[in-house]
Amino acid sequence: MKISIGIVGSGPTAIFFLKKLASRITEISGIIDSITIFEKDGIAGIGMPYSEKYTELCNMSNIASEEIPQLHQSLVDWLEEQSDIVLKKFNITRSDISKTKIFSRLVLGSYFKTQYEYYKNILSDSNIQLKENCNTEVIDILPITSEEYNYKIVTNHNKSIFCSTVVLASGHEWINHDNLKTGYFASPWPIYKILPPENEIYNYTIGILGASLSAFDVVSSLSRRHGVFIKKDSETIYKPNKGTEKFKIVLHDLNGWLPNLQYEQKEPMRELYRHISKKELLQLRDENGFLRLHTYFESVCKPVLKKAFYKDDMPEIVEALNKTEFGIIAFVNKMSDLHAYDNPFEGMKKEFVEAQKSVKNNTPIYWKEVIDDLMFTLNFHAELFPAEDHYIFHSVLMPFLLNVIAALPLESSKIMLALHKQGKLELLKGSVEILNSTSEKDDFTVINVEDETGVKKLKYKKFIACSGQKSTTLENFPFQSLVSSGMVREPLSKVISIKNFHKILEDSNVVDLIKSEKEWYMKLKGLEIDSDFKLVDIYGNSDSNLYNLSFTHTLGVRPYSYGLQACELTSRIAAEDFIYSLTRSLTTHKNALEF
Ligand SMILES: Cc1cc2nc3c(=O)[nH]c(=O)nc-3n(C[C@H](O)[C@H](O)[C@H](O)COP(=O)(O)OP(=O)(O)OC[C@H]3O[C@@H](n4cnc5c(N)ncnc54)[C@H](O)[C@@H]3O)c2cc1C
């Protein structure tokens, strides 16, 4: 059987997959016949957040060259090779180039493109047919029975391409139900759709749901359409344009938090088994095969966290960690409280001074780095959790990791502080309910904001939801024939004790519980995959040649899969499994012939 791979999407995840194949070229050349790449955009090898179609120059990445998983060249090496004209296009001066500097996402997009071309060339120079289809959206995938192929890939041009293996690397999916009448935007992407047309302004208050990194993109792009940022010594000042007196942005966040700030890191690269080996981790499973969150926290997290807090000179947290009753939820609450301020902008100012000191003096904030690494490890083993721990991971740990650990570049925080100082940026705490997103008659979006003081009704002429990427469901999975043929299923996580689980849930109604025979299960978001990222079918088998590396599809089982380092690891795990299965089947075939 000739091996033909179809890769859906050509963003960073696909690039890391190609890199892994290229690194094993001597083993795979002669086995893989063709690789067909499908990219719905006009240019392949960039990815959604880094593409000119979605973002603009002022939208920064949150990752420095030293944090980007290794490709053929580092970002710094690539930038140093660029002409002055190219650097000028990106507003970069040569002396700015350093491995710790943060650049615009468009810079990363151009960089990724060259790395993609590099790996494509290695593969095609080794007699693998490389076919790239841009402006081509895959709209369905059908399992087929044939000697040579396992899948039929159907495109929006009504073409069918046959492959033996499919790799889904389709990444972000923004299912937008914007309502131009009410001025409601279900996501800010592409960013151009929320910006005023040339020579127009928004001389009114704009509401944003969320206060994290995507919300900052909107703040950055909109504020530059209504004023300029001026650097004076080390301070950034915002000067509004004439006639924009009423232009203002209000961010809405459940906890009233602004993002945490970037800090110095000792080990910028996350490592899967830095603090525990795979063997040791698997040995932590209980008699029912479950890895319990409290076991992991007690046995793995506490010892390394204590060392980190000593180094960070926070002995009071070490003391708390010494107590058995101080579990992971207490830890999250304690560390979140340290980030909660009555006035979040004053808090950001304070944290800015600490973060700047950390970067200037090369002093890492050890505990943040350590907890991020520990959670990275856990994420790639979350299939071992029972429902009780999945629930805690999703509802308690994820908001903490995304808000307290995810970091805003220091330059971006200067912009937020400058806008706030000019009265152009506010933050409101409380849970938001959008009341009329589908209205056909209102000229504004109405929201309810609930906090401890009660419920307030607010109206916005423009309201932009920046609450992040939603997980795919079976209903909106883009390749429906895989659903109808039973090739995919929703992940279920077994409940250990329904009585105790109800106690944990309290009055939460967001959990989907089902009973099968005598056991209770919680439905997780997205689709089920095995530990090598192969899709699991309705019978629980994952022996297909169908890899799902799209984190939007797998967030239920792999909740903390955000960012380029997670993309790289996901691609590496899947590619290694794929290469292993290829070489193994070849050896079996050879042995059979010899026999
Ligand atoms: C606004 C934003 C900013 C971010 N900034 C950072 C950052 O600074 N640092 C960081 O580490 N991470 C960042 N991320 C996280 C981001 O998820 C990853 O960095 C990365 O983009 C994920 O790569 P991917 O290839 O999985 O998905 P994507 O980047 O989404 O790429 C998927 C590709 O598949 C194509 N595609 C999708 N569906 C189909 C289809 N059916 N047929 C054909 N082609 C298809 C898309 O056009 C796209 O090119 C950011 C995310 C967002 C949303």
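**Note on the predicted model**

1. Helix 6 is largely enclosed by the rest of the structure, because nine of its 12 residues are buried. The model is a predicted one. The buried positions of helix 6 are Leu213, Ser214, Ala215, Phe216, Asp217, Val218, Val219, Leu222 and Ser223. The helix covers residues 213-224, and its first and last C-alpha atoms lie 17 Å apart, close to the 16 Å expected at 1.5 Å a residue.

2. Val219 of this helix also appears in the description of the nonpolar core. The largest such core has 139 residues, and those that touch the most other members are Ile7, Phe17, Val166, Val167, Ile208 and Val219. For Val167 the partners can be listed: leaving out residues up to four places away in sequence, Val167 touches Ile5, Ile7, Phe17, Tyr547 and Leu549.

3. Next, the ligand. There are 29 residues around the ligand, and Gly9, Gly11, Gly47, Ser61 and Gly171 come nearest. Two elements, helix 1 (12-23) and helix 18 (564-594), give two or more residues to this shell. Helix 1 gives the most, with three residues. By residue class, the shell around the ligand divides into 13 nonpolar, 12 polar and four charged residues.

4. Helix 8 deserves a check of its length. It runs over residues 293-311, and its 19 residues should span 27 Å at 1.5 Å a residue; the end C-alpha atoms are 25 Å apart, which agrees. The helix has a kink of about 50 degrees at Cys301, shortly before the proline Pro303. Just after helix 8, Asp313 has a positive phi of about 60 degrees.

5. What does helix 8 pack against? Its buried residues are Leu293, Tyr296, Phe297, Cys301, Leu305, Ala308 and Phe309. Cys301, the site of the kink, is thus listed among the buried residues of helix 8. These buried residues pack against helix 9 (315-321), helix 10 (328-339), helix 12 (366-379) and helix 13 (387-405).

6. Two of those packing partners, helix 10 and helix 13, can be looked at through single residues. Val396 belongs to helix 13. It is partly exposed, since 16 other C-beta atoms lie within 10 Å, where 20 or more would be needed to call a residue buried. Not counting residues up to four places away in sequence, Val396 touches Ile329 and Val332. His252 is 144 residues from Val396 along the chain, and the C-alpha atoms of the two are separated by 19 Å.

7. Asn333 is in helix 10. Is Asn333 buried or exposed? With 12 C-beta neighbours inside 10 Å, Asn333 counts as exposed, because the limit for that class is 12 or fewer. Asn333 and Arg584 are 251 residues apart along the chain, with 48 Å between their C-alpha atoms.

8. Glu426 lies in strand 15, residues 425-429. It counts as partly exposed because it has 15 C-beta neighbours inside 10 Å. Its C-alpha atom is 25 Å from that of Met398, and the two residues are 28 residues apart in sequence.

9. The loop between strand 8 (184-185) and strand 9 (205-209) holds Pro190. The peptide bond from Trp189 to Pro190 is cis, with omega near -10 degrees. Asn199 lies in the loop between strand 8 and strand 9 as well. Its phi is near 70 degrees, a positive value in a residue other than glycine. Asn199 counts as exposed, given 5 C-beta neighbours inside 10 Å.

10. Asn127 is another residue with a backbone angle to note. Its phi is near 65 degrees, positive although the residue is not glycine. Asn127 sits in the loop between helix 5 (105-124) and strand 3 (129-133). Having 10 C-beta neighbours inside 10 Å, Asn127 counts as exposed.

Notes:
Residues numbered from 1 in each chain as written. Predicted model: local features only at pLDDT ≥ 70, side-chain atom pairs only at ≥ 80, totals over all residues. Helix = DSSP H or I, 4+ residues; strand = E, 2+ residues; numbered from the N terminus. Expected span 1.5 Å × (residues − 1). Bend = angle between axes of the 7 residues up to and from the residue. Contact = placed C-beta atoms within 7 Å. Near = placed C-beta within 6 Å. Nonpolar A, V, L, I, M, F, W, Y, C, P; charged D, E, K, R; others polar. Core = buried A, V, L, I, M, F, W, Y, C linked by C-beta atoms within 7 Å.
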